Amino acid sequence: MISFLYLIAGFTVLFFSGDWLVKASVNLARHFKISTLVIGITVVAFGTSAPELIVSLKAVFSNSSDISIGNVVGSNIANIALVLGLVSIVFPVKVKRKGIWIDWLVMMIATFSLFIASWGNKITFGEGLTFIILLCTYLFFSVWKSRKISKENDEIQKPDFSLWKSFGFFLLATIGLYFGADWLVKGAKDLALSFGISEHVVGLSVVALGTSVPELATSLMAAIKKEDDISIGNIIGSNIFNIWAVLGATSIIKPLNVTQAMIDVGYKWMLGVAVLLILLILPLSKGMITRWKGLILLGIYILYIYILFT
């Protein structure tokens with residue numbers, strides 16, 4: 001019962017903390033006159049990936065590498081199949097940005113780099129450092145490209161609240177992420193042991209679902225406001241951050257052991273849904289992810305969870 005309460009508390013705190021971290025970060029960026037397009041590429045994607053980072057760090061120091069890696073891999077699967085599926089069922093998503101395939105390609109490079117790094121069933125310090133370098137290169141290119149394209153058109157929006165209030169919300173959100181991650185990992189790990197479920201299954205499902213909540217909230221709000229590029233861009237950007245930033249930083253601090261089961265199941269599902277995403281976008285005449293395509297994505301996620309627990 002206590003483990004279940006820890007799990008629910010962790011979910012709840014991560015949801016609100018992740019949401020406020022994004023809001024505070026966006027407002028801080030506006031105070032410092034950073035364009036909204038640059039904010040979307042960097043701050044929002046990193047903000048929604050912050051729960052994965054905190055959870056993975058907490059898990060690896062609890063000697064739970066399966067939860068650490070499973071959290072990232074499962075979150076990447078959930079971001080596309082569950083989050084985008086649910087969002088497009090409620091509000092069909094139209095992909096307007098012509099360069100979205102470049103970001104998708106970077107996501108695929110990040111995915112394959114994880115396969116390569118896990119070849120010896122361990123992600124080492126050197127491989128983690130390589131992830132961070134790749135991420136910095138991608139960010140530099142993205143910011144340069146977005147500034148070049150939007151120099152004349154993109155306006156700096158006014159912040160919603162003061163600089164000090166932005167810092168305050170940012171600090172509270174960071175503290176919330178720390179405790180939310182701690183409770184989520186503790187609850188998930190204890191429940192796994194009590195039900196005889198392996199940690200890699202819990203990491204790929206329960207923990208991953210919890211850390212994907214901010215992506216769901218952000219993408220849903222973006223879809224409601226008709227900001228479709230932010231909705232899908234947040235998902236792709238978050239998946240890139242999850243691999244290169246979260247696993248990169250975690251493996252630099254402490255090398256990560258990767259089980260063959262994680263590679264055979266989690267990695268292949270993650271690759272599969274990533275390929276499916278571009279197939280759902282490219283063949284369309286108007287680049288629309290419609291409700292029935294959202295149902296396909298959601299159905300695939302349900303099948304994935306069913307296979308995990310059978």
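Q: Is Ile-175 buried, exposed or partly exposed, and why?
A: In this predicted model, Ile-175 counts as partly exposed because its relative accessibility is 41%.

Q: Where is Ile-175 placed?
A: Ile-175 belongs to helix H6, which covers residues 163-195.

Q: Which residues form a nonpolar patch on the surface?
A: The patch consists of Leu-171, Leu-172, Ile-175, Tyr-178 and Phe-179, and together they have about 500 Å² of accessible area.

Q: What does Lys-58 touch?
A: Leaving aside residues up to four places away in sequence, Lys-58 touches Tyr-178, Ala-181 and Asp-182. Lys-58 itself is in helix H2. Its C-alpha atom is separated by 9.5 Å from that of Thr-250, although the two residues are 192 residues apart along the chain.

Q: Turning to the interior, how many residues has the largest nonpolar core?
A: That core has 62 residues, and those with the most contacts inside it are Leu-114, Ile-232, Trp-244, Tyr-267 and Leu-277. Several helices each supply at least two of its residues, among them H2 (36-61), H9 (228-253) and H10 (260-281). Apart from this core lies another, of 19 residues, including Ala-188 and Val-213.

Q: And which residues does Leu-277 touch?
A: Not counting residues up to four places away in sequence, Leu-277 touches Ile-80, Leu-84, Trp-104, Met-107, Ile-232, Ile-236 and Ile-289.

Q: Which residues are buried in H10?
A: The buried residues of H10 include Tyr-267, Met-270, Val-273 and Leu-277.

Q: How many residues has H10, and what does it reach from its first C-alpha to its last?
A: H10 has 22 residues and reaches 32 Å, close to the 32 Å expected at 1.5 Å a residue.

Notes: Residues numbered from 1 in each chain as written. Predicted model: local features only at pLDDT ≥ 70, side-chain atom pairs only at ≥ 80, totals over all residues. Heavy atoms only, no water. Patch = residues over 30% accessible without salt bridge, like charges linked within 9 Å, V, L, I, M, F, W, Y side chains within 5 Å. Areas by Shrake-Rupley, 256 points an atom, 1.4 Å probe, with all protein chains shown as cover. Salt bridge = Lys/Arg side-chain N within 4 Å of Asp/Glu carboxyl O. Helix = DSSP H or I, 4+ residues; strand = E, 2+ residues; numbered from the N terminus. Buried < 20%, exposed > 50% of the residue type's maximum accessible area, 1.4 Å probe, protein only. Core = buried A, V, L, I, M, F, W, Y, C linked by side-chain atoms within 4.5 Å. Contact = heavy atoms within 4.5 Å. Expected span 1.5 Å × (residues − 1).
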